[in-house]
Amino acid sequence: MPGERRFQTWLDERLGLASFLASIRATPAVPRWVDWRYCIGGIAFLALLLQTASGLYLACYYQPNPQAAWKSIEFIEGNLPLGHFLRSMHRWGACLAFLLVLLHMLRVIHHGSYRPPRELNWLSGIGLLLLTGLFAISGYLLPWDLRAYWITLNMANWLQSLPILSDSIAWFLAGDTLWGHVPVSRFFVLHAIVLPILTAVLLFFHFAMVRRLGVRKPE
Amino acid sequence: MTTADKTSGNGHSGHPFYPDHLLVEGIVAVIVLLAILLVSQVWQVPLEEMASPSDTSYVPRPEWYFLFYFQLLKYFHGPLIVVGTFVLPLLLFAALVLLPFLDRKPARGVLQRPRSLTAGVLAIAAMILLTVVAYQEDDSMKLPPVTDQQVAAGKDIFYRFCILCHKMDGQGGFMAPDLTHIGSRSGRTYMERVIINPKIVSPSSIMSIVPLSDAERHEVSAYLSRKK
């Protein structure tokens, strides 16, 4: 057995790659009426991957406390190779991801694809839309510039009017004064750890449901 | 049987997912990727000044996709603000969650779902309208440069209306804040917003809306911006 083949066999015994690739090949055929509009969901996923890549790069240098947050962004933009470009990409990528998720949702509504038996897929999609919004909100504060500060303060003021949990949410957003480093680190943990985990779980479920139920033909 | 003859789970003939459909997705993905790379290179995002609680003149603007909500909240004041922050978002969220359970007719064509179609179109139209209004308000806040003539006219207006409540250089009323050094504390955009609707900035404000034209408002803010 040639060396390359032996290595493939060795790897496959441990990872099961051959059966995984076979399962992809065995995926039911995609109907002929599936056109570019059905790619929007997949491209939204791509946008999310781009956000993950650019976010990981930024997170390597970002410091989540108000004394250093703004300076770390300034450092990223001014000193790192492609730093300003990647920060711009992260910001524009967020806009793109939100736009694509909305367009995907509109396509689903237009084709009535939320109907039984796809209710759970629809609900997981709504969850992903919410998470996309939460990513944007939690990302606002991180640069710790004027825009970040005042938008977060405005949000905290508005949320004070909620009939339930208003104090807890406002406390989470603003801390006691918004001038301690607690809100910045909270937002960073939310943005870089909690939301990505929740998104990964929901995405897995969403894709599993698409794979199980297929796509619905429009009328 | 060729791969193209395979049938889907729905019983329709079609293309294999791999590699045919993945190729289509890949082409669209490359186009979108190139677009985002180009946009990121051409329109690099600026880092604004470092956060400062003392800069009360700053008027924050969210991204375009939250702008409609930001604008919507401007129409609710006092006890009604809960409608904007809680009731309307909850209704929208509930409508989306319940959609598959409420809309159960077998017909799926858009025109065969008049209620869903009407509700969806109205919601989208309202979001677009609010976004457009928000952008228009932003444009209206692009102020002309301050001239001495404007400052003189603004002083005249200030001493006719505002001095009744506000104090300036030791003169005037005592019901509202002293504006003698307002130009060193607040920017013109902020002043203009307060003049248009004082409650936007502070819901508890008792200041009444002064009926000024756009030009008169620019003159007042020009005068106040010189009071440093």
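This tour walks through a predicted model of two chains, A and B, and the interface between them.

**Start with confidence**

Colour everything by pLDDT. The model scores ipTM 0.79 and pTM 0.74. Chain A has a mean pLDDT of 86, with 94% of its residues at 70 or more. Chain B averages 80, and 86% of its residues score at least 70.

Now select by element. In chain A, go to helix H3 (residues 40–61), where confidence is highest at a mean of 94. Then jump to helix H8 (residues 166–174) of chain A, where confidence is lowest, at 72. In chain B, helix H5 (residues 148–160) has the highest mean among the elements, 91. Helix H8 (residues 198–201) of chain B has the lowest, 64.

Next, select residues 1–11 of chain B. Here pLDDT stays under 50. The model has 22 contacts beyond four places in sequence for this stretch. Where pLDDT is low, the predicted coordinates should not be read in detail.

**Show the interface**

Select the residues of each chain that touch the other. You should get 70 residues of chain B in contact with 74 residues of chain A. Together the chains bury about 6700 Å² between them. Carbon and sulfur atoms carry 68% of that area. On the chain B side, highlight Val45(B), Leu47(B) and Arg108(B). These three lose the most area to chain A, together 12% of what that side buries.

**Pick out the polar links**

How many salt bridges are there between chain B and chain A? The count is three. Zoom in on Glu63(B) and Arg91(A), which form a salt bridge. Their closest N and O atoms are 2.4 Å apart. Add the polar contacts: twelve residue pairs between the chains, with both residues at pLDDT 80 or more.

**Trace the chain B side by element**

Select strand E1 (14–15) and helices H1 (17–42), H2 (64–73), H3 (81–102) and H4 (114–140) of chain B. Each supplies at least two residues of the side that touches chain A. Which element gives the most? H1(B) does, with 14 residues. Now colour that side by residue type. The residues divide into 40 nonpolar, 18 polar and twelve charged.

**Finish at the strands**

Select strand E1 (residues 30–31) of chain A alongside E1(B). The two strands pair in the antiparallel sense, over two bridges. Label Val30(A) and look across to E1(B): the bridge partner is His15(B).

How values were computed:
Residues are numbered from 1 along each chain as its sequence is written. Chains are lettered from A and ligands numbered from 1 in the order in which they are written. This is a predicted model: local features need pLDDT of at least 70, side-chain atom pairs count only at pLDDT 80 or more; totals for chains, interfaces and linings use all residues. Side-chain values use heavy atoms; hydrogens and water are left out. Contact means heavy atoms within 4.5 Å. Buried area is the accessible area (1.4 Å probe) that two parts lose on being put together, summed over both. A salt bridge is a side-chain nitrogen of Lys or Arg within 4 Å of a carboxyl oxygen of Asp or Glu. A polar contact is a pair of N or O atoms within 3.5 Å; within protein, one must be able to donate a hydrogen and the other to accept it, and residues adjacent in sequence count only if both atoms are side-chain atoms. Helices (H or I, at least four residues) and strands (E, at least two) are DSSP runs, numbered from the N terminus. Ala, Val, Leu, Ile, Met, Phe, Trp, Tyr, Cys and Pro count as nonpolar, Asp, Glu, Lys and Arg as charged, and the others, Gly among them, as polar. Two strands pair if DSSP finds at least two bridges between them. pLDDT is the predictor's confidence in each residue, from 0 to 100.
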